[in-house]
2 protein chains.
Amino acid sequence: RDWEVVDEHHLQKRFKFDNFREALAFVNRVGDLAEEEGHHPDICFGWGYAEIRIWTHAIDGLSESDFILAAKIDRL
Amino acid sequence: RDWEVVDEHHLQKRFKFDNFREALAFVNRVGDLAEEEGHHPDICFGWGYAEIRIWTHAIDGLSESDFILAAKIDRL
């Protein structure tokens with residue numbers, strides 16, 4: 001499944017996991033990547049899932065760095 | 001600020017932080033506690049904030065263990 005562009009405003013993708021701990025481990029990998037990139041997504045997660053939303057807050061919309069971060073998250 | 005009871009369905013509270021890393025560190029403390037308790041909240045976070053929602057999925061509503069988890073999160 002690919003990233004969705006929602007309301008021409010943000011990228012969104014839902015990832016599934018077998019439990020809470022695996023979801024949290026993924027969230028930490030995304031968090032480390034976000035710090036490296038200096039670009040921070042919004043993350044919702046719980047038992048068995050993590051949903052990532054990415055946009056550029058300065059323009060309240062999408063920029064190139066959002067697509068770069070999304071592609072790098074897919075490679076985690 | 002205290003926990004809100006939303007729609008007689010879940011507890012909700014928003015925590016503020018100075019940056020992304022501190023929000024993620026808090027999320028990890030909540031995650032460790034959730035594993036200890038065997039009770040898992042839903043967490044949304046990003047730069048400077050974390051929002052926690054707690055309910056009992058088996059009854060799709062609130063039970064005593066939700067209030068216990070909320071109180072323990074406040075002590076983290």
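This passage describes how chain A and chain B meet in a predicted model.

The two copies were compared first. Two copies of a chain are related by a rotation about an axis and a shift along it. Here a rotation of 180° superposes chain B on chain A, with 0.0 Å of shift along the axis. The RMSD of this superposition is 0.0 Å. Such a relation is that of a two-fold axis. Both copies use the same surface: 100% of the contact residues of chain B recur in chain A. Within chain B, the residue that comes closest to the rotation axis is Cys44(B). Its C-alpha lies at 2.0 Å from the axis.

The extent of the contact was examined next. Chain B contributes 17 residues and chain A contributes 17 residues. The size of an interface is often given as the accessible area lost when the parts come together. Between chain B and chain A, the buried area is about 1500 Å². Carbon and sulfur atoms give 59% of this area. Three residues, Phe20(B), Glu35(B) and Phe45(B), supply 31% of the area that chain B buries against chain A. No other three residues supply as much.

Polar and charged links also cross the interface. Five residue pairs are in polar contact between chain B and chain A, both residues having pLDDT 80 or more. Two elements of chain B each give two or more residues to the side that touches chain A: α1 (20-37) and β3 (42-46). Of the elements, α1(B) gives the most, with eight residues. By class, this side of chain B has ten nonpolar, four polar and three charged residues.

Salt bridges were then counted. The structure holds ten over all chains. Two salt bridges lie across the interface of chain B and chain A. In one salt bridge, Glu35(B) is joined to Arg21(A), with the closest N and O atoms 3.7 Å apart. Glu35(B) lies in helix α1 of chain B and Arg21(A) in helix α1 (residues 20-37) of chain A, so this pair joins two chains. Glu35(B) is also one of the three residues named above for their share of the area that chain B buries.

The strands link the chains as well. Strand β3 (residues 42-46) of chain A pairs with β3(B). The pairing is antiparallel and runs over three bridges. Within it, Cys44(A) has Cys44(B) as its bridge partner in β3(B). Cys44(B) is thus placed twice in this account: as the bridge partner of Cys44(A), and as the residue of chain B that comes closest to the rotation axis.

Definitions and conventions:
Residues are numbered from 1 along each chain as its sequence is written. Chains are lettered from A and ligands numbered from 1 in the order in which they are written. This is a predicted model: local features need pLDDT of at least 70, side-chain atom pairs count only at pLDDT 80 or more; totals for chains, interfaces and linings use all residues. Side-chain values use heavy atoms; hydrogens and water are left out. Copies are superposed by least squares on the C-alpha atoms of residues with pLDDT of at least 70 in both. Contact means heavy atoms within 4.5 Å. Buried area is the accessible area (1.4 Å probe) that two parts lose on being put together, summed over both. A salt bridge is a side-chain nitrogen of Lys or Arg within 4 Å of a carboxyl oxygen of Asp or Glu. A polar contact is a pair of N or O atoms within 3.5 Å; within protein, one must be able to donate a hydrogen and the other to accept it, and residues adjacent in sequence count only if both atoms are side-chain atoms. Helices (H or I, at least four residues) and strands (E, at least two) are DSSP runs, numbered from the N terminus. Ala, Val, Leu, Ile, Met, Phe, Trp, Tyr, Cys and Pro count as nonpolar, Asp, Glu, Lys and Arg as charged, and the others, Gly among them, as polar. Two strands pair if DSSP finds at least two bridges between them.
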